[in-house]
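Right, let's start. I have one structure to go through, beginning with the fold and ending with the empty space inside. Here it is.

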Amino acid sequence: MPPVQTSYPGRPAAAYEGMAADQNPATILSRTVETPEGIGFGRAAFQGARDEGIAAAGAVFRGIVLADRNARPNASGSDLHAKGETAPVMVRGAVWVVTASAASAGGPAYVTPAGAVTATASGNAPIPNALFDTSAPAGGLVRLRLN
C-alpha cells in the first residue's frame, strides 16, 4: 500500500517552534499580520502600523507568534501566518522557540532586528521579563518563558 501522506513524520516531534510549552495560564492576543512575507511560527512579533497589527521586524516587541495547525500552507512550504491573517501572539507564558545562539536555562532572552530569539545581548533588544527555561546550542529548540 502506498503511503497516505509523506509530508509529516509518522511520530510527531516532542516540541516544535511556536508550540505552547505547557498548559499553565498564558496570555495570548490575536493580531493581524502586516508583513508582506508573513511571520513564521515561533518568531518574534513587533508592533505594526495599526493598533491591532504585528510585523516581523520593528522597535516594540509584542510577543511570540504561536503555531497554528489550521494556517494555510504557503508556496515556500514554510510554516507561517501570511499577511492579513490573524495570528495568535503569546505575551505571557511559555513557548518553544529556536535560539539563534547557545542559550542557558535561567538566562535572559533578546531579540535580533530580524526577529530571532537569542541569548546574545550585543546589538539586540532585551525581551522584557523573558528567561530561557531550558538550554540548547545555536539552532536548537528552547523553552522561552515570557513573564
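A word on terms before the layout: strands here are DSSP runs of E with at least two residues, and helices are runs of H or I with at least four, numbered from the N terminus. Keep in mind that this is a predicted model.

On that basis, the chain has 11 strands and 0 helices. Read from the N terminus, the order of elements is β-β-β-β-β-β-β-β-β-β-β.

Next, overall dimensions. The C-alpha atoms fit a box of roughly 55 × 35 × 30 Å along the principal axes. The radius of gyration is 15 Å, and this agrees with a compact globule, because 147 residues packed that way would give a value near 15 Å.

Now packing and surface. Buried residues make up 39% of the 147 in the chain. Taking contacts with a separation of 6 or more, 57% are between residues 24 or more positions apart. The accessible surface is about 8100 Å², and carbon and sulfur atoms account for 55% of that.

Last item, the interior. Rolling a probe the size of a water molecule over the atoms shows where empty space is left. How many cavities of 30 Å³ or more does the structure hold? The count is 1. The volume of the largest cavity is about 30 Å³.

Which residues line the largest cavity? They are E17, G42, R43, A44, V98, G115, A116 and V117. Sorted by class, that lining comes to 4 nonpolar, 2 polar and 2 charged residues; the two glycines fall under polar, since Gly is counted there.

That's what I have.

Key:
Residues are numbered from 1 along each chain as its sequence is written. This is a predicted model: local features need pLDDT of at least 70, side-chain atom pairs count only at pLDDT 80 or more; totals for chains, interfaces and linings use all residues. Side-chain values use heavy atoms; hydrogens and water are left out. On a 1 Å grid over the protein atoms alone, a cavity is a set of points where a 1.4 Å probe fits but cannot get out, and a pocket is an open set with protein on both sides within 12 Å along at least five of seven lines; lining residues have an atom within 4 Å of a point. Grid points are joined across faces, edges and corners, and a volume is the space filled by probe spheres set on the points. The radius of gyration is taken over C-alpha atoms; the globule rule is 2.2 Å times the number of residues to the power 0.38. Buried means under 20% relative accessible area, exposed over 50%, partly exposed in between (1.4 Å probe, protein chains only). Contact means heavy atoms within 4.5 Å. Accessible areas come from the Shrake-Rupley method with a 1.4 Å probe; for residues, only the protein chains shown count as cover.
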